[in-house]
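Please work through the exercises below with the sequence and the model side by side, trying each task before reading its solution.

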Amino acid sequence: MYLNSSLTQFENLSLEPNPEEVDIDKESIELPLLTRPSLPPSPNGDGSIYLAQRGNSLAGQKSEELQKTLLGHRHERQLVILQDFPDPDALSCAWAYQLIAQQYDIKCEIIYAGTLSHQENIALVKLTNLPAQRWTMQNLKTKDLSSYQGFVLIDNQGTTSQLLPAVQQAGIPLVVLVDHHSLQGELKAEFFDIRPYARATATIFTQYLQAGILKLDSSISQHVKCATALMHGLRSDTNRLMQAQEEDFMAAAYLSRFYDAQLLNAILQANRSKRVMDVIERSLKNRIVQNNFSIAGVGYLRYDDRDAIPQAADFLVTEENVHTAVVYGIVHDEDDELEVVIGSLRTTKLTLDPDEFIKEAFGQDSAGRFFGGGRTGAGGFEIPMGFLSGGNENSTYAKMKWEVFDSQIKQKLLRLVNPRDNPIQS
Ligand SMILES: [Mn+2]
């Protein structure tokens, strides 16, 4: 019924408005990976077979390149930076990377600045002892960054992490970048594997494993747990394999030799917290349905409950005669007195492009960054409230503030939902 919070990171990616201005070191990128003009757009077309075959040779080649890079960094310490709200795809791949790098005596710390919000992610980390740590912006100041010789970005390109600027300012070089989001530009990595057509970073990492970069062993508990985590990451980024393509199924088949089905089941059984249930209830109560769109504002919610928003959208889209659901609320971070409007879109309508829809609905900020974007079936947005943050001790004011944001968001969405003046659907 639900996609995981994994999608929130796609949602968060703000694309640079002028990609042609981005200065990329073309030498360091395998251009054939990024250009595939001969492929048909249909995921079920011949292209997927072509890609799967191509995937194998590419994986072998990339796996070798990665080994060479790691050899050159033996005995170092690295930071593996995940998005602020890490998802199973990111968490599992970071762990796989850590195990791979261990063979070269590279010590990795897997870090994220935000929080584990989705109950499945909390369960994943607890049940597998996944070695990820939260580094808030406050405790970042207490860390000695000079003890790290490199950093690594996995399943993100730094645009969704608050930690990136500090790490870059400390002069730590980007050693490895592996991701499946569209190229965000400007970053130079020693090892670089970006495959925007891949459905999950877990598929890429499983291909490395399959190519022999780390020999998985079912008698090693950590390997079994990591394989389970990768299976979870792969499933959650492919909507439980429903959007999986051949290479994802191949990767899942390989992982099936090692993963623990019971453990995966336990992770998937994680119960929603009462607060998440309350947000879902609010979304049900507040929704308006127009032209098969279900739109719901859920008011204020805590930072830790942020992932309740995509879960509510997952739920609303299951209603009869609804093909698209948008849920949004004001998320409050008590530590920083910060407020941000966060929203999620879920759609089952194949012809609706969430990325286009969100960008069209909300536009860009003064720096030209879009407030959100998306990918197949899912999208999201984040609108910082800046000067209007806080002051909620006065409940009349808080209520008024919510009503203004609620109306403004509804206006912007309904402009697109109403076919008469719908500029993006012909
Ligand atoms: Mn991913």
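Helix axes are lines fitted to C-alpha atoms over the stretch in contact, and the angle between two of them runs from 0 to 180 degrees between their N-to-C directions. The model to which this is applied here is a predicted one. It holds 15 helices and 12 strands, and buried residues make up 47% of its 426 residues.

**Exercise 1. Two packings of one helix**

Task: Find at what angle H8 and H9 pack, and work out how the two helices are oriented to each other.

Solution: Begin with the geometry, in which H8 and helix H9 (residues 221-237) pack at an angle of about 140°, while their axes lie 8 Å apart. Angles over 145 degrees count as roughly antiparallel and those from 65 to 115 as roughly perpendicular, so H8 and H9 are oblique to each other. Then turn to the residues that make this contact, which are Ala202, Thr203, Phe205 and Thr206 on H8, and Leu230, Gly233, Leu234 and Asp237 on H9.

Task: Repeat the analysis for H8 and H10, and state which handedness their crossing has.

Solution: The axes of helix H8 (residues 201-210) and helix H10 (residues 246-255) come within 9 Å and cross at roughly 55°. That angle makes H8 oblique to H10. As for handedness, the crossing of H8 and H10 is left-handed. The contact is made by Ala202, Thr203, Thr206, Gln207 and Gln210 from H8, together with Glu247, Asp248, Ala251, Tyr254 and Leu255 from H10.

**Exercise 2. The two faces of H12**

Task: Identify the buried residues of H12 and decide how they are placed around its axis.

Solution: Helix H12 (residues 274-286) has 13 residues and reaches 18 Å from its first C-alpha to its last, which is close to the 18 Å expected at 1.5 Å a residue. Its buried residues are Val276, Val279, Ile280 and Ser283. Because these four cover an arc of only 100° around the axis, they sit on the same side of H12. Strand S8 (293-302), helix H13 (308-316) and strand S9 (324-333) are among the elements that cover them. The face of H12 turned away from this buried side carries the exposed residues Lys274 and Lys285.

**Exercise 3. Positive phi outside glycine**

Task: Locate aspartate 105 and arginine 240, and decide for each how exposed it is.

Solution: As background, most residues other than glycine have a negative phi. Aspartate 105, by contrast, has a positive phi near 55°, and it lies in the loop between H4 and strand S2 (107-112). Because aspartate 105 has 11 C-beta neighbours inside 10 Å, it counts as exposed. Arginine 240 also has a positive phi, of about 55°, and its place is in the loop between H9 and H10. With 15 other C-beta atoms within 10 Å, arginine 240 is partly exposed.

**Exercise 4. A glycine in a loop**

Task: Place glycine 377 in the chain and determine whether it is buried or exposed.

Solution: Glycine 377 lies in the loop between strand S11 (372-375) and strand S12 (378-384). Since 22 other C-beta atoms lie within 10 Å, glycine 377 is buried. Leaving aside neighbours within four places in sequence, glycine 377 is in contact with Asn239, Arg346, Thr347 and Pro354. Finally, its C-alpha atom is separated by 9.3 Å from that of aspartate 355, which is 22 residues apart from it along the chain.

Notes
Residues are numbered from 1 along each chain as its sequence is written. This is a predicted model: local features need pLDDT of at least 70, side-chain atom pairs count only at pLDDT 80 or more; totals for chains, interfaces and linings use all residues. The expected span of a helix is 1.5 Å times one less than its number of residues. A residue is buried if 20 or more other C-beta atoms lie within 10 Å of its own, exposed if 12 or fewer, and partly exposed in between; C-beta atoms are placed from the backbone. The arc is that of the directions from the helix axis to the C-beta atoms. Two residues are in contact if their C-beta atoms, placed from the backbone, lie within 7 Å. Angles under 35 degrees count as roughly parallel, over 145 as roughly antiparallel, 65 to 115 as roughly perpendicular and the rest as oblique. A crossing is left-handed if the near helix is turned anticlockwise from the far one by less than a right angle, and right-handed if clockwise.
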